[in-house]
Amino acid sequence: MRPHRTALRSPWVPLRRLLWPPAGRTRNRTYLRDRLIALPLLAAVGFAALGWAYADVRADSAYIRTRLAPALGDLADAKTSLRIAQREAEVGLDAGTAVELSGLGPRYAARTGAAAQDIARLSRGGAFGEAQRQELDVISGLVDGYEEWITWARTNVGDPSLRKAGLAYAASMLCSDASGEPATTRTAPYPACRPETGADATTVVDRIAALERDLHRRLTDRAALGPGVLAAVALSAGCLTLLAVGLWRTFFFLRRRMRIRASVPLLAAALPLLVLPWAVADGARAWTAQRDTLPYADTLTDRASPKVEAATDADPVADPPPAAIHPVTAAMERTVADGALGPVGTVAGWVAPAGLVVAAVVGGTLHAYRREYLLVGRGAGGGA
Amino acid sequence: MRGGAGRAARLALAACLLALAALSGGCGSDRGSPVVVLGPWTGDEGKAFTAVLRELSRGSGHTYVYQGTRSLRETLVAQFAAGAPPDVAILNSIGELTEYAVQDKLRPLDPYTAERAYSPWSPTLMLDGRRRTYWVPLKVDLKSLVWSRAGSSSARPAWCVGMAAQATSGWPGTDWVEDILLHQAGPTTYVQWATGQLNWAKSAELKRAFTTWAKLLDARGKRSPKAVERSLTMSFWGTPDPEHPAAGPRGLLGGSLPGCTHEHQASFVRYLYAPRDDIRVEPAARFLHGSAAYKDAFEVSGDMAAVLTDNPGAQELVQRLTSDEGRQKWSDAAQDHLRPFFPDETDPQPDDNPAAQEIATYLTKEAKTLCFDASDVMPPVLRDAFYRAVLTYFRSPDAPTLDRLLGQLETVRTQIAGTYTTSAVRTPTEICR
């Protein structure tokens with residue numbers, strides 16, 4: 001059994017020697033050769049893994065700030081704007097033929113215009129893929145159709161049945177649960193618009209709610225450390241620890257065995273390691289900030305309401321209510337932006353290249369020492 | 001020892017390379033280029049079509065992305081304006097398709113697919129002196145049908161009417177007028193009217209069709225304003241049963257409009273009525289005060305596929321959808337009551353109940369004349385005006401209102417007449433076969 005156990009262990013023994021060479025018992029040239037292999041590899045892998053994980057976390061932050069947060073804000077705004085517009089249309093048309101002179105009012109025009117702009121911005125914004133952009137086109141088409149029926153209802157404002165029919169057609173494009181009951185007799189001032197899901201989701205609000213769910217899911221995914229990032233962090237932590245210890249031990253080795261008091265190139269190669277704690281702290285801060293955006297996303301999808309927006313419209317100078325869409329969207333973007341540790345984030349893209357430079361410097365330096373040692377040894381007629 | 005260290009170095013190198021490969025995301029996976037499809041089906045119909053697309057995507061090298069909406073025109077206009085049309089659009093309006101073809105927004109179909117251009121769904125379109133096929137029917141429906149409760153008398157029917165249909169509200173009314181005109185004036189006048197060659201304001205046949213409709217609706221006494229209002233705001237699908245709100249709409253004959261017994265509706269309404277054994281179907285000719293010469297004429301509608309981009313996957317998809325295999329897969333993928341009708345006798349047809357068999361027989365064998373839905377032949381602006389005019393007439397079916405509406409529709413017709421009258425374009429006129 002003993003030889004078998006030795007055979008099983010044999011691949012790991014040299015690997016362990018590469019990563020953690022025994023002190024004192026190794027020949028100089030063997031030690032230098034092992035270090036020449038291990039340290040550059042540890043530097044390349046450790047920095048590359050950390051660089052990838054760090055860049056991934058930073059990219060998530062940028063994606064949340066520039067794509068997801070504005071998109072969630074625009075979706076919430078489009079949804080609430082159209083519900084406000086529906087009430088404006090209901091109230092305006094219910095007043096009778098006066099609307100022929102007054103029109104549907106500036107708020108109706110402003111809100112339908114805002115919804116159209118929100119949808120156009122979402123199409124251009126880059127938060128959505130092919131299928132979702134197609135869905136946005138459908139929503140845009142539905143909004144156009146919605147406005148056409150409101151216009152038709154206005155044209156027939158003198159005929160209560162046709163007016164009501166026009167409003168009902170428009171409302172049926174807006175919400176699945178449109179009751180057709182005008183705002184003036186409805187208990188709630190705004191149409192409830194509870195979104196349908198699945199195959200029954202055909203209206204503007206249903207479709208916007210589906211896009212919101214999709215964004216929310218992506219936000220949750222982005223704000224979580226995925227298995228790839230966790231594995232990369234673990235790998236880099238192991239590699240960089242071994243690299244730091246390996247460099248430290250190599251300094252001692254060079255000092256004790258080769259009388260080199262301080263290897264300047266190796267010291268220089270070790271310097272980037274000092275930046276890494278800042279990068280790790282910055283990454284952790286960014287990740288925490290990402291998690292902190294989730295309640296804002298909940299507010300935008302669940303608590304944003306026409307009532308709140310109308311109150312904000314009515315008194316733009318007052319402090320906005322906690323669920324007002326624009327302040328919440330801005331707070332969400334600010335939270336992610338504040339998650340950066342000064343300008344540290346700018347180094348994210350340089351971590352992996354820095355690792356390659358460290359690997360090259362360590363490898364070149366050790367190669368030079370070993371070559372010099374072999375030449376000296378050969379000149380002296382042998383080596384240690 | 002030297003060999004051990006070398007092996008260790010190789011192992012370490014391999015581990016590092018693996019780690020780097022893992023970190024770089026590994027090899028990219030190619031799921032196939034997407035083909036975006038825009039169509040009219042939502043709800044259960046949309047689900048059935050999505051299942052077919054999923055089935056057809058296997059081994060095709062493409063992924064199919066489907067969006068269904070009833071606001072097809074508005075959506076397409078927005079997409080064209082943004083320069084991002086879908087690869088395939090499925091539309092039910094020949095008028096709209098013609099408009100896009102003339103504007104060079106459609107791609108001619110490949111010759112194999114063009115063989116599936118059945119009349120009257122794909123009439124001849126001449127562009128630049130050449131016959132072009134830009135669209136083919138995917139699924140079709142038979143109109144000119146009346147559904148009724150079993151046991152109810154057809155002598156004095158109480159008509160169920162629901163005019164609401166989101167963006168296209170009003171079409172159930174235009175179907176009535178078209179069907180009456182077809183059966184009273186015959187296919188020749190019908191074609192003239194649908195293709196813009198008939199003066200709306202001066203046509204006695206058209207006026208008669210409108211007034212016949214009003215008389216039919218009021219046959220059991222003048223409708224109350226409340227009943228009119230209820231029909232105007234009622235979806236053609238009806239409403240869900242209040243006791244089972246999650247079960248979906250139950251149809252107008254299913255209790256949405258209590259008291260009515262007959263419904264003038266196309267074959268697709270069997271999606272609601274197929275599971276019931278107390279609803280029967282018969283040709284509408286028996287009710288329309290038409291001429292006996294046209295009793296075997298039927299209106300039809302269709303959902304036609306057109307290719308809008310140069311994505312080769314789009315041509316391939318339309319070819320697959322119209323192939324024998326594609327139709328069989330569609331038929332198999334859909335639930336019994338959602339199985340579509342196809343235009344050719346050799347195509348698989350639904351046969352899950354007697355009504356489906358009867359409709360398939362009319363569609364592929366017994367109908368002497370099949371005419372494409374007139375409003376869907378008209379240019380979209382005129383079609384939409386027709387929808388709105390019918391809503392207004394349904395509300396106020398009196399002579400002055402009718403004269404006013406027909407005058408307005410004639411103005412719209414003359415405004416858009418001549419849009420395609422260049423010598424290079426000849427719009428479709430073969431809409432009856």
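A residue is taken as exposed if 12 or fewer other C-beta atoms lie within 10 Å of its own, and as buried if 20 or more do. The analysis below applies this criterion to a predicted model.

On the outward side of helix α15 of chain B, the residues B:P400, B:D403, B:G407 and B:Q415 are exposed. The buried residues of α15(B) include B:L405, B:L406, B:L409 and B:R413. These four cover an arc of only 100° around the axis, which puts them on the same side of α15(B). Such an arrangement can be read against helical periodicity: an α-helix has 3.6 residues a turn, so residues three or four places apart point the same way. The partners of the buried residues of α15(B) are found in two other helices of chain B, α7 (204-217) and α14 (380-395), against which they pack. The length of the helix was also examined. Helix α15(B) comprises 18 residues (399-416), and at 1.5 Å a residue these should span 26 Å; the end C-alpha atoms are 26 Å apart, which agrees with that expectation.

The overall composition of the two chains was considered next. Chain A contains 14 helices and 0 strands, and its elements, read from the N terminus, are accordingly α throughout. Chain B, in turn, contains 15 helices and 13 strands. Of the 384 residues in chain A, 44% are buried, whereas 51% of the 433 residues of chain B count as buried. In chain A, 77% of the contacts between residues at least 6 apart in sequence join residues at least 24 apart; for chain B, the corresponding value is 77%. Taken along the principal axes, the C-alpha atoms of chain B fill a box of roughly 110 × 60 × 40 Å.

The largest nonpolar core holds 226 residues, among which B:V88 and B:A306 touch the most other members. Helix α3 of chain A (residues 28-94) supplies the largest share of this core, with 30 residues. Chain B also takes part through both of its listed domains: at least three residues of the core come from each of domain 1 (33-141 + 301-362) and domain 2 (143-296 + 373-426). Leaving aside residues up to four places away in sequence, B:V88 touches B:V35, B:V37, B:A305, B:V307, B:L308, B:A314, B:L317 and B:V318. As a general tendency, nonpolar side chains in soluble globular proteins are buried together.

Two of the residues touched by B:V88, namely B:V35 and B:V37, fall within strand β1 of chain B (residues 33-39). This strand is mostly covered, with 5 of its 7 residues buried. Strand β1(B) pairs in the parallel sense with strand β2 of chain B (residues 62-68), over 7 bridges. Within this pairing, B:G39 stands opposite B:G68 of β2(B).

A further set of 4 strands in chain B forms an open sheet of mixed pairing, in the order β8-β9-β7-β10. The edges are occupied by β8 (159-160) and β10 (279-283), each with a single partner strand, so one side of each is left without a neighbour in the sheet. At one of these edges, β8(B) runs parallel to strand β9 of chain B (residues 262-264), the two being joined by 2 bridges. One bridge of β8(B) links B:C160 to B:E263, its partner in β9(B).

Key: Residues numbered from 1 in each chain as written. Chains lettered and ligands numbered in written order. Predicted model: local features only at pLDDT ≥ 70, side-chain atom pairs only at ≥ 80, totals over all residues. Contact = placed C-beta atoms within 7 Å. Core = buried A, V, L, I, M, F, W, Y, C linked by C-beta atoms within 7 Å. Domains from an automatic or database assignment. Expected span 1.5 Å × (residues − 1). Arc of directions from axis to C-beta. Pairing = 2+ DSSP bridges.
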